[in-house]
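Please give me a tour of this structure in my viewer. Tell me what to select at each stop and what is there.

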Amino acid sequence: MDLSSISPTLLIASLMVAATPILLAAIGEMVVEKSGVLNLGVEGMMIMGAVTGFIAAIETGSPWAGFLAAAAGGAVVALLFGFLTQVLLSNQVATGLALTLFGLGVSSLIGQGYVGIKANGLRRIDLGWLTDLPFVGRVIFGHDPMVYLSLLLVALVWGFLKYTRAGLILRAVGESHDAAHALGYHVRRVRLMAIAFGGACAGLGGAYLSLVRVPQWTDGMTAGAGWIALAIVVFASWRAGRVLVGAYLFGGITVLQLNLQTAGAKVSVELLSAAPYLVTILVLVLISFRAGRGGDAPADLARPFHASG
Amino acid sequence: MTALLELRGLTKAYPGVVANDGVSFTVEKGGVHALLGENGAGKSTLVKTIYGLVRPDAGTMRLDGQPYAPAEPRAARAAGVAMVFQHFSLFDALSVAENVALGMENPPGLRDLSRRIREVSDAYGLPLDPLRRVGDLSAGERQRVEIVRCLLQDPRLLIMDEPTSVLTPQEVEILFATLRQLSQEGASILYISHKLEEIRTLCDAATVLRGGKVVGDADPRQATASELAEQMVGAKLTAPRARAHEPGAAMLTMKALSMPPASQFGTPLHDLSFELRAGEVLGIGGVAGNGQDELLAALSGERPSAAGTLWLEGRDISRLRPTPRRAAGLLTAPEERLGHAAAPDMSLTENAAMTGAARRGMLRHGFLDWGRARAFATDIIGAFDVRTPGPHVAARALSGGNLQKFVIGREVLQDPRVLVVNQPTWGVDAAAANAIRQALLDLAADGAGVIVISQDLDELLEVSDRFAALNAGRLGAPVPAATLTMERIGLMLGGAHDLKGSRGEDVAHV
């Protein structure tokens, strides 16, 4: 095995790229769950974002239009889930699973004519001498704008939940929808907005895969990223900072095991491929154990709300 | 005095029931007005209408002479109407300050708000730490959060829906002092309760509701409690009475039982010991969250305890699960009617079979004899006057009081050696409560041991032979109930810490 073939600079730089789709989807899902809704359709919303973003980027030639379309596509699919679960009061778990299957099917249908085309990716930003700094330049100042946008989004979500009144109301709705209703807050409206935001984030995450990371469209290209995002939210105990840690950890191990495979490590490939999942879940479980007896879940998570009286 | 709130002909109908039927009355400025009535009399619907949560079908309201028709609670709060809810409208995972902010229209920043919470809570003698998590507070402290939330908005009308049901006598005193202070400052209070003695000490006017209609006004300072009760119920009430009998041999013995809490907000049990004799009613009092649910789980077998800690008639049952305990004669009726004592969507027959199958011989080679189950359910319905069309009805469809009679009756009719009930008359109207208490007394008179866990101290004094206080998961030594006064009980329940301030020494909820 030749470890010297692994460059730490490239490793860190590429782990950030590998982690960004999951980070985007996870931070959106965290907001949804904070409002008391469990949307298991992250995978479906991601793939819908991937395909709509890709098509929009090809048709307009602008990756930014692609990302916009992806956010809109993800939000629309999410609002379908929102309508079913919040207005028609369908079961959230079953509806979320159906949304994933639905998204995989529909994306494959509308993406048929776009397989094998290459999209214009986002260019990395260039900050002149900053980007030319050894190590730091490539790791901190040499990414595409979406990487920074995802980090900004994590910070914004954290600040929103912690410091704003709207964030407080969102958390209150997730904690006890009956109490929030009694105080006169619009539980359903808050949840629908959270669901739409979560869908938009998942859509962005999907588009990052099809427009930057790969960058082309193939069926089922999210390959379980949505499920990892869901798991990260839970094991991160619904905290923005830990979601970031979890997503980067997962991205890091993914990139590392790829590097190890090319470096010819004497470990079976299957085990290496499973490593990101195992390590991420293990570490986050340990974190949440230390944080207390898992009492961080929003108390009304996945409970249907029906206003009476 | 002049009128603050006038209600004229308020009517609200739900499918199948008229909750309010032409309700009219007036709350004076600076007055403490009681709203009296049994369960289902329409009190909650009425106050929800005033608070903007329910829109009336007909009728008008005037606040301070102006037409008043709040479309939502926000409008009510803006008009100066505040409400303290029966079931707390609090968020466990949020801090006190955050909870207060959620109940205000334009809250200041959290730092300013924390300062104002401290000021107001000190001014009214309700000490509160704004930074604590509400989930860690005792029931009395949680109510303070609700009250302070209302006070911060300088309300003209404060609605209190059954505020004292979870408080110790000392906490009730503090609450009443606060309310009197408020009313002296010119605010009006609409006070809902079915505790008549409280209303007589606190209120200066009363409106009695029955079946959604106003059946009369009363002056609570003049009328006696029994007059008020008869007005509420519309019939004469007879208090339950125990037949004279001598306690017998020890039936159930608990020896130094300890148990960790089942959940994050649970209470651990420390070193509990008592002995229950045949023919005796042991009352266990305490404020909610001091280990009642855990004690019931330990007795019912939902959570087995260490070997040698629980003995039924000389047999160690500590490691037994609920079904063998039932077979041995230890029956339990938990507090939560829907979802714990009864399965909401199953019929009464199915619910009767659920605990009665073994003791009432409904099992044949592992198969259920539905005929016997139905007969058993019919027996319960008959013997306990459960108002329902029949045993095929789902448990969910029964009113709280009727379902409570059913779940208590189901255990009583199984001829228990020992019966443990938790909050047997919680949310049950006076007539049904009397019937349930009478059944428990009769059971004891026939030689069974009965444990009544309750937060209703009047009830415990009425039925118990001996009384023990459960406080922060510890059980005091049982004392004869006949020697007790309310003050003494209050001290036993640890309410005394409220007089010293709640911080530092948190006895009621550790």
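Select helices α3 and α10 of chain A: their crossing is right-handed (the near helix is turned clockwise from the far one by less than a right angle; anticlockwise would be left-handed). Here α3(A) covers residues 63–87 and α10(A) covers residues 187–213, and their axes come within 6 Å and cross at roughly 140°. That angle makes α3(A) oblique to α10(A). Axes are lines fitted to C-alpha atoms, for helices over the stretch in contact, and angles run from 0 to 180 degrees between N-to-C directions. Angles under 35 degrees count as roughly parallel, over 145 as roughly antiparallel, 65 to 115 as roughly perpendicular and the rest as oblique. Helices (H or I, at least four residues) and strands (E, at least two) are DSSP runs, numbered from the N terminus.

This is a predicted model, in which local features need pLDDT of at least 70 and side-chain atom pairs count only at pLDDT 80 or more, while totals for chains, interfaces and linings use all residues. Residues are numbered from 1 along each chain as its sequence is written, and chains are lettered from A and ligands numbered from 1 in the order in which they are written.

Next, show both chains. The contact takes 14 residues from chain A and 18 residues from chain B (C-beta atoms, placed from the backbone, within 7 Å). On the chain B side, α3(B) gives the most, with 3 residues.

Now select residues 3–28 of chain B. Strands β1(B) and β2(B) pair in the antiparallel sense over 8 bridges; pairing requires at least two DSSP bridges between two strands. Ala3(B) has Glu28(B) as its bridge partner. Between the strands of this hairpin are 2 residues, and Gly16(B) takes a positive phi near 90°.

Move to the open sheet of 6 strands in chain B, ordered β6-β7-β8-β3-β9-β10 with mixed pairing. Its edge strands are β6(B) and β10(B). Inside the sheet, β3(B) and β9(B) run parallel, joined by 4 bridges, and Leu35(B) is partnered with Thr207(B). Add helix α6(B), residues 169–184, which lies across β3, β7 and β8 of chain B and runs at about 145° to β8(B).

Last, select residues 292–300 of chain B. Helix α9(B) is largely enclosed by the rest of the structure, because 8 of its 9 residues are buried (20 or more other C-beta atoms within 10 Å of a residue's own; 12 or fewer is exposed, in between partly exposed). Its buried residues pack against strands including β11(B) and β12(B). After α9(B) comes Gly301(B), with a positive phi near 100°.

Definitions and conventions:
Two residues are in contact if their C-beta atoms, placed from the backbone, lie within 7 Å.
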